[in-house]
Amino acid sequence: MSSSSRPEDHRRKWDRDEYEKLARKRLMDDLDDDRSKDLSPIKREMLKQRDYRVDLDSKLGKSVVITKATPSSQSGGYYCNVCDCVVKDSINFLDHINGKKHQRNLGMSMKIERSSLDQVKKRFESNKKKMEEKKKDYDLEQRLRELKEEVTLNLTYTTE
């Protein structure tokens, strides 16, 4: 080593002990702040199926005049009142309402409840019953009569 007090590699040397003490102090201060605020973790609901129908067709093919005074909820595109944002097209709107940010604003987590084997079997049974009911309700002869009536009505309207 040379006679000067500087190291030969010309790099600054940090006092690790000092910075470790500062980091520990900062962590302890953060813990004290959290304890004083008494913050409990937010309990969010599991992700569940939507119980309403998403209206994408109401604005289809319509023109809207937008001025500077138009509120964002009435401006062009699809307005999300939960997130207070406007999405310009239906595909992006669907992506938004199924996305993490929107679900979090609704109070949902992105975790899904695990289904048990019994729940899956019950779902299969109920779907099978629904399919059988649809088959029972469908009467080919009745449907053919309805179609013939429709055709005759359409012909009478067109000839008049």
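Colleague: Which residues does UniProt list for "domain: U1-type"?
Modeller: The model here is a predicted one. The domain name comes from an unreviewed UniProt entry, and annotations of this kind may be inferred rather than shown by experiment. The range in that record is residues 75–109.

Colleague: Over residues 75–109, how far apart are the end C-alpha atoms?
Modeller: In the predicted model this stretch is 40% helix and 23% strand. Its end C-alpha atoms are separated by 30 Å.

Colleague: Is H102 buried or exposed?
Modeller: H102 sits in helix 3, which spans residues 100–105. The cut-off for a buried residue is under 20% relative accessible area. H102 has 4% relative accessibility, so the residue counts as buried.

Colleague: Which residues does H102 touch, not counting those up to four places away in sequence?
Modeller: A contact here requires heavy atoms within 4.5 Å. With residues up to four places away in sequence set aside, the partners of H102 are C80, V82, C83, H96 and I97.

Colleague: How many aromatic pairs does a search of the whole structure find, and is the pair of W14 and Y19 stacked or edge-to-face?
Modeller: The search finds two aromatic pairs. In the pair of W14 and Y19 the ring centres are 5.8 Å apart and the planes stand at 80°. Planes over 60 degrees apart count as edge-to-face, so the W14 and Y19 pair is edge-to-face.

Colleague: Are W14 and Y19 buried or exposed?
Modeller: Exposed means over 50% relative accessible area, and partly exposed runs from there down to the 20% limit for buried. W14 has 55% and is therefore exposed. Y19 has 42%, which makes Y19 partly exposed.

Colleague: Is the pair of Y78 and F93 stacked or edge-to-face?
Modeller: The ring centres of Y78 and F93 lie 5.4 Å apart, with the planes at 25°. Planes under 30 degrees apart count as stacked. The Y78 and F93 pair is therefore stacked.

Colleague: Which parts does the pair of Y78 and F93 tie together?
Modeller: Y78 is buried at 12% relative accessible area, and F93 is buried at 10%. The two parts are 15 residues apart in sequence. Y78 belongs to one and F93 to the other, so the pair ties together strand 2 (residues 78–80) and helix 2 (residues 90–97).

Colleague: How many salt bridges does the structure hold, and what separates R24 and E20 in helix 1?
Modeller: The structure holds three salt bridges. In the one between R24 and E20, the closest N and O atoms are 3.6 Å apart. E20 is partly exposed at 42% relative accessibility. R24 and E20 are four residues apart in helix 1 (residues 16–37), so what separates them is about one helical turn.

Colleague: Which residue forms a salt bridge with D29?
Modeller: The partner is four residues from D29 in helix 1, about one helical turn. D29 is partly exposed at 35% relative accessible area, whereas its partner is exposed at 53%. The closest N and O atoms are 3.6 Å apart, and the partner is K25.

Colleague: In which helix do R143 and E146 lie?
Modeller: The side chains of R143 and E146 meet in a salt bridge of 3.5 Å, N to O. R143 is partly exposed at 34%, and E146 is partly exposed at 33%. The two residues are three apart, about one turn, and both lie in helix 5 (residues 140–159).

Technical notes:
Residues are numbered from 1 along each chain as its sequence is written. This is a predicted model: local features need pLDDT of at least 70, side-chain atom pairs count only at pLDDT 80 or more; totals for chains, interfaces and linings use all residues. Side-chain values use heavy atoms; hydrogens and water are left out. Buried means under 20% relative accessible area, exposed over 50%, partly exposed in between (1.4 Å probe, protein chains only). A salt bridge is a side-chain nitrogen of Lys or Arg within 4 Å of a carboxyl oxygen of Asp or Glu. Rings of Phe, Tyr and Trp (its six-membered ring) pair if their centres lie within 6.5 Å; planes under 30 degrees apart count as stacked, over 60 as edge-to-face and the rest as tilted.
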